[in-house]
Amino acid sequence: MAEKKELLSLLNRRITEVANLIKEKNADAILIFNQANYRYLTNFTGEEAQLILTAAGDRILLSDSRFAGQIKAQAPGEMTVIMKHGNQDQEISDQLKKANLKKVLVEGEFVSATELFTLQELNPEIDFELCEELVERVRNVKDPLEIEMLRRAINISMDSFNEILPLVKPGAIERNIGAKLDYLFKVNGGDGPSFDTIIASGARSAWAHGVASDKVIEDGDMVVIDFGAFYNGYAADITRTVAVGKVDQEMQKIYEIVHEAQRRGIEAAVVGNQGSDVDHAARDYITEQGYGQYFGHGIGHGIGLEIHELCQPALPFGKQELVNNMVHTVEPGIYLPNKGGVRIEDDILVHDNSPETLSTLPKDELISL
């Protein structure tokens, strides 16, 4: 009972904060299609639902009979639940009319042009306005329950990684190691992988998103392993680069550069700084060492109910001011075409002037297997 009260208290805080943003837009409600967003505001984990949240904080969840029992078990608090039986757009429209709404925000990234046009045709009296990442603005800052879920996801990911390390050796196939890692995420208590596991060895380690393939690992390969588990819907995202046997001297060098760049990036992840400060701290060092052209992606992104947060067009990490209880990655890399690459990535909790590294796998020295 205490846990349910705590969850309801957190949900009410989230609802209030999103409702305040609706009021700032001079709107009456927001129509939510994004599963992560309606989960955040209801605790319902099912798919193919929509949520109407009004500026007064009232919730109307549209789902179907497959999820009736699940909604009852998962979603505490006062909420109108509508079981859809026919035309989805018509049923959404019926609820909008019933609530007497005049201006409704719609998640621009998650509604199709066809669906929006249909809603406008069915509701000529309603002013529909597309909005970008409104709920996400609240989701950016994690509450205590979310931070605990993220810690669990990260710990499960690290335990699973440690179990597969002995498999990383000459003759092993990337795909087999990846499959074992994904399996261990569930065995160790997670919900499965939070994204397609990346295991890229040899020249493929220069592929920033080189998902596990049929390539055979060879002696002298660098192996980039980018992995993470979901736990109760929350995503971990960690990368470690390891060496199989003795590697090229330059690969050892760039490992040390990336490690120092990441240290500097994490050090900059303090309240009041922007994501761009984190990026510059790491990127400038890599550039000073002569490898700037080989670090082409951003320094990081938020994590939470989605594996990539704080990276949408309206909320880019670089332009976000860091505040307490944001959780984001710091993941510099150097990728030498046709030779190999290095990336080191950790999940960071913003905490005043002392960022906490939540993922604590060894990295100070290049691990040689």
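Start with strand S18, residues 346–349: Asp 346 and Ile 348 point one way from it, while Asp 347 and Leu 349 point the other way. All four of those residues are buried. Keep in mind that this is a predicted model. From S18 we'll work outwards, to its partner strands and then to the whole protein.

**Strand S18 and its side chains**

- That back-and-forth pattern is no surprise, because side chains in a regular strand alternate between the two faces of the sheet.
- Here, one direction is taken by Asp 346 and Ile 348, and the opposite one by Asp 347 and Leu 349.

**The S15 side**

- Strand S15 covers residues 327–330, and four bridges join it to S18.
- The two strands, S15 and S18, run antiparallel.
- Thr 329 stands opposite Asp 347 in S18, and Val 330 stands opposite Asp 346.

**The S19 side**

- S18 also pairs with strand S19, residues 356–357, through two bridges, again in the antiparallel sense.
- Leu 349 has Glu 356 as its bridge partner in S19.
- S18 and S19 form a hairpin with six residues between the strands.
- In that hairpin, Asp 352 takes a positive phi, near 50 degrees.

**The sheet as a whole**

- Put the strands together and you get an open sheet of three, in the order S15-S18-S19, with antiparallel pairing.
- S15 and S19 stand at the edges with a single partner strand each, so one side of each is left without a neighbour in the sheet.
- As for what holds such an arrangement together, strands of a sheet pair through backbone hydrogen bonds, either parallel or antiparallel.

**Zooming out to the whole protein**

- The protein has ten helices and 20 strands.
- Its C-alpha trace spans about 70 × 45 × 40 Å along the principal axes.
- The radius of gyration is 23 Å, which agrees with the value near 21 Å that a compact globule of 369 residues would have.
- Buried residues make up 54% of the 369.
- Take the contacts between residues at least 6 apart in sequence: 67% of them join residues at least 24 apart.

**Surface and charge**

- The accessible surface comes to about 16000 Å², and 48% of that belongs to carbon and sulfur atoms.
- There are 36 positive and 58 negative charges in the protein.
- The mean positions of the positive and negative charges are 3 Å apart.

Technical notes:
Residues are numbered from 1 along each chain as its sequence is written. This is a predicted model: local features need pLDDT of at least 70, side-chain atom pairs count only at pLDDT 80 or more; totals for chains, interfaces and linings use all residues. Side-chain values use heavy atoms; hydrogens and water are left out. The radius of gyration is taken over C-alpha atoms; the globule rule is 2.2 Å times the number of residues to the power 0.38. Buried means under 20% relative accessible area, exposed over 50%, partly exposed in between (1.4 Å probe, protein chains only). Contact means heavy atoms within 4.5 Å. Accessible areas come from the Shrake-Rupley method with a 1.4 Å probe; for residues, only the protein chains shown count as cover. Lys and Arg count as positive and Asp and Glu as negative; His and the chain ends are not counted. The place of a charge is taken as NZ of Lys, CZ of Arg, CG of Asp or CD of Glu. Two strands pair if DSSP finds at least two bridges between them.
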